[in-house]
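Hi,

Here is the structure I said I'd pass along. Have a look, and my notes are underneath.

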Amino acid sequence: MEQESIYNEELRTDSSVRSISDLYKNAWGFLKDKWLNAVLTALVAGALMSAVFMVYYFISYFIIICCWMVGFASIGFTDPSSFENNPPELSGMLIFIAVIIIGSLISYALLFLTIIFGIGPINYGKSNTFLISLRNNKEAQISDLLLAKTNYWGIVKLTSWQSLYILLWSLLFIIAGIIKAYAYSMSYYIRYDYPELTAKECLELSSNMMDGHKL
C-alpha cells in the first residue's frame, strides 16, 4: 500500500497535467514533420484490430447460424406452410430457446476472449507507441505496436480485469460503465511505466489518476 501511495502521489503531482487547449497545442507542435509515421502507425494498429475482429465475426456468425439451424430443426420448421398446420410441441420450443441462448452466450464469450487476447495487447502497443515517441521526441515506430509481446500474459490479465469491471458496471447502469471505461483508460500507460504492479493495482491507480479528470 505504501508503494501504491507513492506511485499515486507521483501521478497526481505531475506538472505535465495541463489544460485541454495546452495539450492540443503541444500535440500539434510535437507532430510537426512526424505525421507520416504517426498516421501509418495508427492505420496499421486499426488494420490489426480489424483483422482480429473479422476472425471473431466469422467464427461467431458460423456458430450462430448453426444454432439457428439446430433450433429450427427442433421445432420442425422446414417449410412455413407445414409450420402453420403443425404447431411445434413444447419440448421443441424449449430446445429452440435453449439453443439460441447457448449460441448467444458462446458469441459473447468469444467476443470477451477476442478483446483480452487480441484487441487488448494491440491497443496496449498502440497507446504506448505514441507515449514512447513523445518522451523520446522521435517519430512513432510501427514495430512498437508489438510491445505487448515482452509481457503478453500480464497485458492479457490486465485487459481481462479491465473488461470484466467495465462489463459489470455496464450491466448495473450503462452510464456507470462509460465512466469506468474512462477511469481505467490510463491503465496501459501505468502498466508500461510500472511493469512490476499487478493488474488490479494498475486499474486502481488509473481510477485515482482520472479522479476529477474524466470530463
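The accessible surface of the chain adds up to about 13700 Å², and carbon and sulfur atoms own 68% of that. Bear in mind that this is a predicted model, so every value here is computed from predicted coordinates. On burial, 32% of the chain's 215 residues count as buried.

As for the fold, you'll find 9 helices and 0 strands, so to speak a plain run of α-α-α-α-α-α-α-α-α when read along the sequence. Contacts across the sequence are well represented: if you take those in the chain with a separation of 6 or more, 69% are between residues 24 or more positions apart.

The bit I looked at in detail is a helix pair. Two packed helices are described by the angle between their axes and the distance between the axes. Here the pair is H6 (residues 152-172) and H9 (residues 199-209), whose axes come within 8 Å and cross at roughly 55°. That angle makes H6 oblique to H9, and the crossing is right-handed.

Who makes the contact? From H6, the residues are Lys157, Leu158, Trp161, Gln162 and Tyr165; from H9, they are Ala199, Lys200, Cys202 and Leu203. Sorted by class, the contact of H6 with H9 comes out as 6 nonpolar, 1 polar and 2 charged residues.

That's what I have for now. Shout if anything is unclear.

Cheers

How values were computed. Residues are numbered from 1 along each chain as its sequence is written. This is a predicted model: local features need pLDDT of at least 70, side-chain atom pairs count only at pLDDT 80 or more; totals for chains, interfaces and linings use all residues. Side-chain values use heavy atoms; hydrogens and water are left out. Axes are lines fitted to C-alpha atoms, for helices over the stretch in contact, and angles run from 0 to 180 degrees between N-to-C directions. Helices (H or I, at least four residues) and strands (E, at least two) are DSSP runs, numbered from the N terminus. Angles under 35 degrees count as roughly parallel, over 145 as roughly antiparallel, 65 to 115 as roughly perpendicular and the rest as oblique. A crossing is left-handed if the near helix is turned anticlockwise from the far one by less than a right angle, and right-handed if clockwise. Contact means heavy atoms within 4.5 Å. Ala, Val, Leu, Ile, Met, Phe, Trp, Tyr, Cys and Pro count as nonpolar, Asp, Glu, Lys and Arg as charged, and the others, Gly among them, as polar. Buried means under 20% relative accessible area, exposed over 50%, partly exposed in between (1.4 Å probe, protein chains only). Accessible areas come from the Shrake-Rupley method with a 1.4 Å probe; for residues, only the protein chains shown count as cover.
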